[in-house]
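Got the viewer open? Keep a selection box handy, and we'll walk through the model stop by stop.

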Amino acid sequence: MLTAVATLTMFAAGPSRVAHACSCAVPAAPQHRLSGAEVAFVGTPVDVQRVSRTEGVGEGAFEEQSDRYTFRVDEVVKGDLPATVEVDLDGVGTSCETGPLTLNQRIGVIPNGTRERYSIGFCDGPVNAAA
């Protein structure tokens, strides 16, 4: 476990952030995010699909798009995960978008959510590429 935390911490400095209305003042450190996360892993995105879902209800409902990545789980850092897991990259097409992930490039992921829907967004991930 200590080695896995060190692995995630080692590449925690994220890409520079451009100031937008939804920008993060200071992204949370991986150690802080890890303590509140259900799962964390080092994995390799092997596929991506654009998905849409409706958020909110009634007149406040809106359509949101995500890129859903299928990851091969290379190392479980926290929690219990199958060999592959889907993680939505939220904010696609908005100023909150984190940008596309590179397929077949290992990264550390501390997703939000639960097994029903894991996601990462502008302020919380992923952590940078692992060696």
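Two strands count as paired here if DSSP finds at least two bridges between them. Helices (H or I, at least four residues) and strands (E, at least two) are themselves DSSP runs, numbered from the N terminus. Some ground rules: this is a predicted model, in which local features need pLDDT of at least 70, side-chain atom pairs count only at pLDDT 80 or more, and totals for chains, interfaces and linings use all residues. Residues are numbered from 1 along each chain as its sequence is written, and side-chain values use heavy atoms, with hydrogens and water left out.

**Stop 1: colour by confidence**

pLDDT is the predictor's confidence in each residue, from 0 to 100. The protein chain averages 75, and 64% of the residues score at least 70. Select helix α1 (residues 2–10) for the low end, with a mean of 50; strand β3 (residues 84–89) is the high end, at 92. Over residues 9–20 the pLDDT is below 50, and beyond near neighbours in sequence this stretch has 17 contacts (heavy atoms within 4.5 Å) in the model.

**Stop 2: the strand pairs**

Now show β1 and β2 as a cartoon. They run antiparallel and are joined by 15 bridges. For a register check, pick D47 and find T70 of β2 opposite. The two strands form a hairpin with 6 residues between them, and G56 in that turn has a positive phi of about 80 degrees.

β1 also pairs with β4, again antiparallel, through 3 bridges. There, V42 stands opposite G108 in β4.

**Stop 3: the nonpolar cores**

Next, go inside. A nonpolar core is a set of buried Ala, Val, Leu, Ile, Met, Phe, Trp, Tyr and Cys residues joined through side-chain atoms within 4.5 Å. Buried means under 20% relative accessible area, exposed over 50%, and partly exposed in between (1.4 Å probe, protein chains only).

Select F41, F71, L81, V85, V87 and L101: these have the most contacts inside the largest core, which has 14 residues. β2 (62–78), β3, β4 (107–109) and β6 (117–120) each supply at least two residues of this core. Centre on V87 and list what touches it: F41, D67, R68, Y69, F71, P111, Y118, S119 and I120, leaving out residues up to four places away in sequence. Another core, of 6 residues, lies apart from the 14-residue one; A37, A40, V77 and I110 are among its members.

**Stop 4: the rings**

Rings of Phe, Tyr and Trp (its six-membered ring) pair if their centres lie within 6.5 Å; planes under 30 degrees apart count as stacked, over 60 as edge-to-face and the rest as tilted. By this rule there are 2 aromatic pairs. F41 and F71 sit edge-to-face, 5.4 Å centre to centre with 80 degrees between the planes. F41 is in strand β1 and F71 in strand β2, 30 residues apart. Both are buried. Y69 and F71 make a tilted pair at 6.5 Å and 50 degrees, and Y69 is buried as well. Ring pairs thus link F41, Y69 and F71 into a cluster.

**Stop 5: the salt bridges**

A salt bridge is a side-chain nitrogen of Lys or Arg within 4 Å of a carboxyl oxygen of Asp or Glu. The whole structure has 5 of them.

- D67 and R50: the closest N and O atoms are 2.6 Å apart. D67 is in strand β2 and R50 in strand β1 (residues 40–55), 17 residues apart. D67 counts as buried at 8% relative accessibility, whereas R50 is partly exposed at 49%.
- D74 and R106: here the N to O distance is 3.5 Å. D74 lies in strand β2 and R106 in the loop between β3 and β4, so the pair ties together parts that are 32 residues apart in sequence.
- D88 and R117: the closest N and O atoms are 3.0 Å apart. D88 lies in strand β3 and R117 in strand β6, so this pair ties together parts 29 residues apart in sequence. D88 is buried at 1%, while R117 is partly exposed at 26%. Salt bridges that share partners join R68, D88 and R117 into one network.

**Last stop: an odd backbone angle**

Which residue has a positive phi although it is not a glycine? Select N104, at about 65 degrees. N104 is found in the loop between β3 and β4 and counts as exposed, at 59% relative accessibility.
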